[in-house]
Amino acid sequence: MANRTIIITGGAGFIGSHVVRLFVNKYPDYRIINVDKLTYAGNLENLKDIENRPNYRFVKADICDFDAMLALIKDEKVDGIIHLAAESHVDRSIKDPFTFARTNVLGTLSLLQAARTCWEESGWEGKRFYHISTDEVYGALQFDGKLFREETKYDPHSPYSASKASSDHFVRAFHDTYGMPTIVTNCSNNYGPYQFPEKLIPLFINNIRYRKPLPVYGKGENVRDWLYVEDHARAIDLIFHKGKIAETYNIGGFNEWKNIDLIKVLIKTVDKVLGRPEGADDDLITFVQDRAGHDLRYAIDSSKLKSELGWEPSLQFEEGIEKTVRWYLDNQEWLDNVTSGDYQNYYKSMYKL
Ligand code: NAD
Ligand code: DAU
């Protein structure tokens, strides 16, 4: 369908910026509207390369602002929404669960209700509300080889995953109750450029570079299933266009790593790229108190996405990690701006405020 107008929420964040870039480059006939509140995690520097493109518009707004969402969807005749805006960091959710309930639950509801109000009037035909969620809603696996499937029962443990589970239920409820054309996807841990350095991989790359301690929670035994962020963005593009309405798709890399093993790969790769002798930074590993409610293992079965839509991850993990390490080491200014808070001035200068 040519000439679509799509809102991508959270487009100034980590995954959102990759999705916005992909859509702006790949679909010159679409109008892509990036709606982002620019919290600490929102950084318009992530989108410098496409910010002046004619098919791109940035709108600074809070998804919880129902009137603003309603006006935007109506005025711009939006026919698709790809919803990524969220509070995304588990450790923050443990300290401040209210912010997570507000944005992830009420914000999603506000966006759904605004879309419903406009689309019921103009007709559901050609409309699509695509909600991006996480594998954390399924809870924790044991070391028994089982994988999360689309039918796996929800069992969230952290305030973050509880808020995402709630938002998933609201999205499905809007399909079942009002007939809204919705899709939900649940993805595993993403890694790659532009991730806020509170998350394991960018935080540890930066710490290794400056020879700072690497705080490993518990014994480092927890397992995560890692996917390169551009592969997630490709899946989102495919599912937005070809996915079946009311379906859920799991997205993952079939790429499980114990944290401690992954951290050793990070140390080895950073040391190799910086020309340091092998083993030079192994002593940075510092075991610290475990995260409260720390889920033992996540692992996604994404075979439905492969068999129905032909999607597969394109990058081998070693390749993706080396690419990622090089990106953070080559983009020290980006990291410095993020860690100092200077990136938040970018919006003001870019938009002359
Ligand atoms: P992120 O924290 O990097 O970015 C979130 C973005 O949302 C930021 O730009 C922020 O400014 C914006 N935002 C936050 N609250 C907002 C509000 N009230 N109104 C408008 N914008 C707001 O997050 P991410 O890691 O890119 O994750 C994006 C989405 O993908 C989230 O929904 C997350 O749950 C999901 N997800 C993430 C991962 C992962 O590994 N990072 C994996 C699976 C699913
Ligand atoms: O599984 C998908 C989820 O992955 C997304 O929904 C979340 O938005 C995203 O943040 C991520 O959650 P995790 O909690 O798995 O990611 P994080 O990078 O915070 O931690 C990865 C693992 O590393 C986890 O087991 C906790 C551990 N860890 C993390 C940090 C920040 C440490 O041992 N030390 C640390 O300092």
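**Two ligand shells and a set of aromatic pairs**

Strand E5 supplies the largest share of the shell around ligand 1, three residues. Keep in mind that this is a predicted model, where local features need pLDDT of at least 70, side-chain atom pairs count only at pLDDT 80 or more, and totals for chains, interfaces and linings use all residues. Residues are numbered from 1 along each chain as its sequence is written, chains are lettered from A and ligands numbered from 1 in the order in which they are written, and side-chain values use heavy atoms, with hydrogens and water left out.

**Ligand 1**

- Around ligand 1 there are 28 residues, and the closest are Ile15, Asp36, Ser88, Tyr160 and Lys164; to be near, a residue needs a heavy atom within 4 Å.
- By type, that shell splits into 13 nonpolar, 11 polar and four charged residues (nonpolar: Ala, Val, Leu, Ile, Met, Phe, Trp, Tyr, Cys and Pro; charged: Asp, Glu, Lys and Arg; polar: the others, Gly among them).
- For polar contacts (pairs of N or O atoms within 3.5 Å), Tyr160 puts a polar side-chain atom 2.7 Å from an oxygen atom of ligand 1.
- A side-chain N or O atom of Asp62 is 2.9 Å from a nitrogen atom of ligand 1, and a polar backbone atom of Thr39 is 3.0 Å from an oxygen atom of ligand 1.
- On its own, ligand 1 has 830 Å² of accessible area, and the protein covers 97% of it (Shrake-Rupley method, 1.4 Å probe).
- Helix H1 (14-26), strand E5 (128-134), helix H5 (159-178) and E7 are the elements that give two or more residues to this shell; helices (H or I, at least four residues) and strands (E, at least two) are DSSP runs, numbered from the N terminus.

**Ligand 2**

- Ligand 2 is surrounded by 24 residues, with Thr134, Asp135, Tyr160, Arg291 and His294 the closest.
- Its shell divides into 10 nonpolar, eight polar and six charged residues.
- Thr134 has a polar side-chain atom 2.7 Å from an oxygen atom of ligand 2, and for Asn189 the polar side-chain atom is also 2.7 Å from an oxygen atom of ligand 2.
- Leu200 joins in through a backbone N or O atom, 2.9 Å from an oxygen atom of ligand 2.
- Taken alone, ligand 2 exposes 690 Å², of which the protein buries 94%.
- Two elements, helix H6 (200-209) and strand E8 (214-217), give two or more residues to the shell around ligand 2.

**Aromatic rings**

- The whole structure has 19 aromatic pairs; rings of Phe, Tyr and Trp (its six-membered ring) pair if their centres lie within 6.5 Å, with planes under 30 degrees apart called stacked, over 60 edge-to-face and the rest tilted.
- One of them is the edge-to-face pair of Tyr191 and Trp226, at 6.5 Å centre to centre and 75 degrees between the planes.
- Tyr191 is in strand E7 (residues 189-191) and Trp226 in strand E9 (residues 223-228), so this pair ties together parts 35 residues apart in sequence.
- Both rings belong to buried residues (under 20% relative accessible area; exposed is over 50%, partly exposed in between; 1.4 Å probe, protein chains only): Tyr191 has 2% and Trp226 has 5%.
- Trp327 and Trp334 also pair edge-to-face, 5.3 Å centre to centre with 70 degrees between the planes; Trp327 is buried at 16% relative accessibility and Trp334 is buried at 7%.
- Tyr191, Trp226, Tyr228, Trp257 and Phe317 make up one aromatic cluster.

**Charges over rings**

- Arg116 has its charged end over the ring of Tyr178, 3.7 Å from the centre (NZ of Lys or CZ of Arg within 6 Å of the ring centre and within 35 degrees of the ring normal).
- Lys258 does likewise over the ring of Phe143, 5.7 Å from its centre.

Terms used. A polar contact is a pair of N or O atoms within 3.5 Å; within protein, one must be able to donate a hydrogen and the other to accept it, and residues adjacent in sequence count only if both atoms are side-chain atoms.
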